[in-house]
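The exercises below ask you to work from the coordinates of a single protein chain. Try each task on the structure before you read the solution that follows it.

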Amino acid sequence: MSSVPRPALAIIGGSGFYDFFGDDAITLEIDTPYGAPSAPITVGDVDGRQVAFLPRHGRKHEYSPHTVPYQANLWALRSIGVRRVFAPCAVGSLRADWGPGTVAVPDQLVDRTSGRPQTYFDNGGIHVSFADPYCAELRTAAIGSAVEELPMRSSGTMVVVQGPRFSTRAESRWFAAQGWELVNMTGFPEAVLARELEMCYAAIALVTDLDAGLEVGEGVSATSVFEAFERNLVPFKKLVRGAAAAVDGTDTCERCRVHAGVSLPFELP
C-alpha cells in the first residue's frame with residue numbers, strides 16, 4: 001500500500017468490522033469544515049483493493065444515532081478519494097417473514113428523523129435528485145454477494161427514526177401498514193449527504209429483531225439487538241467483503257452525479 005492511500009471505496013459500519021484488514025492497515029486523522037468524523041479512518045486491503053473503514057458510532061460506540069457527525073463523516077471520506085460507500089447497518093423488521101438473520105438491500109428510504117443537519121447547502125438554492133436514494137450499481141454488487149447463512153431480500157423500504165429509543169407498538173404497526181419493511185436509526189441523513197457529495201451509496205441491512213408491533217412481550221431491547229448482530233457478524237462481514245470485491249469501477253456512477261450544469265457555492269472536496 002502506498003504511503004498516501006486514496007481509496008475509492010469505503011465502508012461505514014460498526015466496530016466489528018475493524019478486523020476486515022490485516023496488519024498493514026493505515027490510520028488517517030482527518031479534519032473537516034464540519035469538525036472531526038466519528039473516528040480516524042482506517043484504510044486496508046480487501047482482495048487487492050484499498051478500502052476505507054469508518055466506524056459510524058465511534059471506536060467505543062460513543063455516538064448515539066442522533067449525535068453521529070454525519071456531515072463530517074461523509075466529507076472526510078470524500079476528501080481522501082472515496083467515491084463509493086457501502087453502509088452495513090442493523091435494522092428491525094416490520095414483516096414477520098423477515099426474521100433475525102435476514103439481510104436486505106433496500107431500494108427506498110423514508111425519513112422520520114428530526115433536527116439532524118441533512119445538507120451541505122444551506123444557501124445557493126441547490127437541490128439534489130433523491131427519488132432513488134441508493135446507488136443501483138452498489139445494490140447489484142451487494143445482492144450478488146449473498147451468503148447461504150443469511151437469507152437475502154433484494155429490495156425494501158427502510159424508515160429511519162430519530163432514536164435513540166425504539167418504536168412504540170403503535171408506531172411500528174403504522175410503519176408496517178404503509179408497506180415499509182425495515183426500521184433503522186442511522187440511514188438518514190447519511191444517504192442524502194453522500195448524494196450531495198456525488199458519492200455512490202448503498203445500505204446493507206442485517207435484521208436483528210422483529211419490531212415492537214409484530215410481537216408480544218416486552219418489545220425490542222438493546223441487548224437482544226446487539227446479541228443478534230454479534231451472532232450473525234461473521235457471515236455478514238463475509239457478505240460485505242464480497243460486495244466490496246465485486247464493485248466494478250472506482251468513480252461515481254452517472255446516476256449519482258447530481259450537480260451536472262449546476263454552479264455550486266463551494267468546491268466539493
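**Exercise 1. The second largest pocket**

How much space lies in the second largest pocket? Once you have that value, describe the lining of the pocket by position and by residue class.

Solution. Keep in mind throughout that this is a predicted model. Begin with the volume: the space in the second largest pocket comes to about 210 Å³. Next, turn to the lining, which is made up of 14 residues, with D132, Y134, A136, R195 and R255 lying nearest the centre of the pocket. Then ask which element contributes the largest share, and the result is helix α2 (residues 136-143), from which three of the lining residues come. Finally, sort the lining by class, which gives six nonpolar, two polar and six charged residues.

**Exercise 2. The cavity and the salt bridge beside its lining residues**

How many cavities of 30 Å³ or more does the structure hold? List the lining of the largest cavity, and then find which salt bridge joins R56 to a partner.

Solution. The structure holds one cavity of 30 Å³ or more, and the volume of the largest cavity is about 30 Å³. Its lining consists of R56, A87, C89, M158, N184, T186, G187, E190, Y201 and A203. Grouped by element, two or more of these lining residues come from each of β5 (84-93), α4 and β11. Grouped by class, the lining of the largest cavity has five nonpolar, three polar and two charged residues.

For the second part, take R56 and look for a carboxylate partner: the side chain of R56 meets that of E190 in a salt bridge, with 2.9 Å from N to O. The two partners lie in distant parts of the chain, since E190 belongs to helix α4 and R56 to the loop between β4 and α1 (70-79), 134 residues apart. Both E190 and R56 are buried.

**Exercise 3. Other salt bridges**

How many salt bridges does a search of the whole structure find? Describe the pairs formed by E171 and by D251, and state how exposed these acidic residues are.

Solution. The search of the whole structure finds six salt bridges. As background, side chains of opposite charge can pair when their charged atoms come close. For E171 the partner is R165, and the closest N and O atoms are 2.9 Å apart; E171 counts as partly exposed because its relative accessible area is 23%. For D251 the partner is R257, with the closest N and O atoms 3.0 Å apart. D251 is partly exposed at 38% relative accessibility, and R257 is partly exposed at 33%. The last step is to look for shared partners, and here salt bridges join D251, E254 and R257 into one network.

**Exercise 4. Backbone geometry**

Which peptide bonds involving P164 and P189 are cis, and where do D47 and E198, with their positive phi values, lie?

Solution. The general expectation is that most residues other than glycine have a negative phi and that most peptide bonds are trans. Against that background, the bond joining G163 and P164 is cis, with omega about 0°, and P164 is found in the loop between β9 (157-161) and α3 (169-177). The bond from F188 to P189 is also cis, with omega near 15°, and P189 is placed in helix α4 (residues 187-196).

Now consider phi. D47 has a positive value near 50° and lies in the loop between β3 (41-46) and β4 (49-55), whereas E198 has a positive value of about 55° and lies in the loop between α4 and β11 (200-210). Their surroundings can be judged by accessibility: D47 counts as exposed because its relative accessibility is 56%, while E198 counts as buried because its relative accessibility is 13%.

**Exercise 5. A residue after the last helix named here**

Is L268 buried or exposed, and with which residues is L268 in contact beyond its sequence neighbours?

Solution. First locate L268, which is in the segment after α6. At a relative accessible area of 14%, L268 is buried. Leaving aside neighbours within four places in sequence, L268 is in contact with R78, E196, L197, E198 and H259. To finish, compare sequence with space for one of these contacts: L268 and L197 are 71 residues apart in sequence, yet their C-alpha atoms are 6.7 Å apart.

How values were computed
Residues are numbered from 1 along each chain as its sequence is written. This is a predicted model: local features need pLDDT of at least 70, side-chain atom pairs count only at pLDDT 80 or more; totals for chains, interfaces and linings use all residues. Side-chain values use heavy atoms; hydrogens and water are left out. On a 1 Å grid over the protein atoms alone, a cavity is a set of points where a 1.4 Å probe fits but cannot get out, and a pocket is an open set with protein on both sides within 12 Å along at least five of seven lines; lining residues have an atom within 4 Å of a point. Grid points are joined across faces, edges and corners, and a volume is the space filled by probe spheres set on the points. Helices (H or I, at least four residues) and strands (E, at least two) are DSSP runs, numbered from the N terminus. Ala, Val, Leu, Ile, Met, Phe, Trp, Tyr, Cys and Pro count as nonpolar, Asp, Glu, Lys and Arg as charged, and the others, Gly among them, as polar. Buried means under 20% relative accessible area, exposed over 50%, partly exposed in between (1.4 Å probe, protein chains only). A salt bridge is a side-chain nitrogen of Lys or Arg within 4 Å of a carboxyl oxygen of Asp or Glu. Contact means heavy atoms within 4.5 Å.
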